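Let us walk through this structure step by step, beginning with a pair of strands and moving on to the surface and a helix.

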2 protein chains.
Amino acid sequence: MTKENIADWFRSLQDRICLALEDIDREAKFESDIWERPGGGGGHTRVIRNGNVFEKGGVNFSAVWGDTPDTILNALKLEKSDFFATGVSIVIHPNSPKVPIIHMNVRYFEMGNGVWWFGGGIDLTPIYIVRNDARFFHQTLKNTCDKFNPEFYPNFKTWADDYFYIRHRKETRGIGGIFFDHLKASELFTKEQRFEFVKAVGETFVPAYSEIVNRHKHESFTPEEKQWQLLRRGRYVEFNLVYDKGTKFGLDTDGRVESILMSLPLLASWDYNTSVKPDSEEEFTLQNLKKEIDWV
Amino acid sequence: MTKENIADWFRSLQDRICLALEDIDREAKFESDIWERPGGGGGHTRVIRNGNVFEKGGVNFSAVWGDTPDTILNALKLEKSDFFATGVSIVIHPNSPKVPIIHMNVRYFEMGNGVWWFGGGIDLTPIYIVRNDARFFHQTLKNTCDKFNPEFYPNFKTWADDYFYIRHRKETRGIGGIFFDHLKASELFTKEQRFEFVKAVGETFVPAYSEIVNRHKHESFTPEEKQWQLLRRGRYVEFNLVYDKGTKFGLDTDGRVESILMSLPLLASWDYNTSVKPDSEEEFTLQNLKKEIDWV
């Protein structure tokens, strides 16, 4: 299994996910931008806009290579080396506040010195948390993880709680999901088995998300619910610009800005010192933007 | 001159600026929130909303003290010490795309070990750059600086160009202004003279901004111009969350989040791969979001 095999599989995943999302939306089609990176490699950015269901979303593939950025070398205390990185990154912002925002990333990184690892994550950001959706989402991720190792789901769920956390707000970004990084070969797992796991996570995106979108896409909503969505999107922007390591790495290493920041919503709002009504659905949501909730 | 004298003067500046902005707006009044910091000190946050002219803005005073955060100690290679910090921070987002966003900050920092300095800055972010406004704004700042030292304006203007820069976009945040930090006593300047300069900068806010607001507040605008404003506000959010050191410092040291992030606009937008029409006013603006433009 070469790095090209891995990149090819990611490319095919992008195609399948775009088709599935177009099928859900039934109106908008993905636009397509193929770009080259001056330092080596490039990508394929696919964006869906002004849809029936999806207001703005991106499903991005990239495979880039060149000199390993100093930020990575310093963090890992490694000597100068070239690198190859490939992955698929997704963020989808629906029109309706009743339909959650979703994010997924699956990635592979290797260096000329033989160091390599897989990483990934998938997390859901409902504007209104619905207990049954959260249970379904986490159960679907758990089922995928459990096929490989019973420790994966609890470990990677905790990792997601810690990663998708807006520290200054003391809020999680949403109901979490799974997050993992630096998956290397070990006594238990060969490189092939690591790849099989990452593939399984990638293939979980469509069934996990489409079920939840279909449950809610026909629901009506009020202007007040739309306003709450814009505020929650503001928090999403805060997470992505202040904490998200992928965004930071991309901006620091002169990645393609339009592909990196396609994760930001068409419209977001910040108001001063907002509060929620007691016993409202907004309050229920805020109370559940916490780590360590056992949704399953 | 004690730190309390400096804080008192900043507090009085906040009052004068709020009155002047209410006078321009002629409708909205500032709300007032007095808060305490668990580690010591506190502040007075004043927010104006839903005005005739101003959609959302804050004029914040704070005077905080306690143990110096490790981030500062490490950056300056200093031993553990207590600190006192006071200042006024302003960001104003007008309704109209014809009226620029403005920011000002004046601040004083001292430590128990005798280290102290003044800092500050004022910069303008027009949604549409107007050459005459930019000339007036920079000339006003230059006049203030020139009363103290002919090198201040050129040096602090360059510092602002470098500071208010959205690196990943290769754009300045607006037309800049002045920025300075770590102003200590020197052969040329006593502490009293430094303070006089900072006071003069603080007093420049109202004449510099009110003239420009009054020039444009009655102009009409189109939905397309409003949309351009929302996109430019998105860039403002990018600068504040990704690069602004005051924001970063505040969030890292558990500052009052609602006071720090009052700098973010009520509404902002991100679209994928936007472009501007040739020879449009939007294109003129983009072409002038550059460092090293001599506006005077």
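In this predicted model, a good place to start is Leu267(A), whose bridge partner in β10(B) is Ser269(B). That pairing belongs to a set of 3 bridges, which join strand β10 of chain A, residues 267-269, to β10(B), and the two strands run antiparallel.

From these strands we can widen the view to the contact between the two chains, where 23 residues of chain B are in contact with 23 residues of chain A. On the side of chain B that touches chain A, at least two residues each are supplied by β2 (41-49), α6 (223-243), α8 (257-260) and β10 (267-269) of chain B. The largest share of that side comes from α6(B), with 4 residues. Sorted by kind, the residues of the side of chain B that touches chain A comprise 15 nonpolar, 3 polar and 5 charged ones.

Next comes helix α7 of chain B, residues 245-252, in which the buried residues are Thr247(B), Gly250(B) and Leu251(B). Why do these residues lie on the same side of α7(B)? They do so because the arc they cover around the axis is only 95°. As for what lies against them, the buried residues of α7(B) pack against α6 (223-243) of chain A, and also against α6 and α8 of chain B, so that this packing involves elements of both chains.

Finally, following the chain beyond the helix, we find that α7(B) is followed by Asp254(B), a residue whose phi is positive, near 55°.

Terms used: Residues are numbered from 1 along each chain as its sequence is written. Chains are lettered from A and ligands numbered from 1 in the order in which they are written. This is a predicted model: local features need pLDDT of at least 70, side-chain atom pairs count only at pLDDT 80 or more; totals for chains, interfaces and linings use all residues. Two residues are in contact if their C-beta atoms, placed from the backbone, lie within 7 Å. Ala, Val, Leu, Ile, Met, Phe, Trp, Tyr, Cys and Pro count as nonpolar, Asp, Glu, Lys and Arg as charged, and the others, Gly among them, as polar. Two strands pair if DSSP finds at least two bridges between them. A residue is buried if 20 or more other C-beta atoms lie within 10 Å of its own, exposed if 12 or fewer, and partly exposed in between; C-beta atoms are placed from the backbone. The arc is that of the directions from the helix axis to the C-beta atoms.
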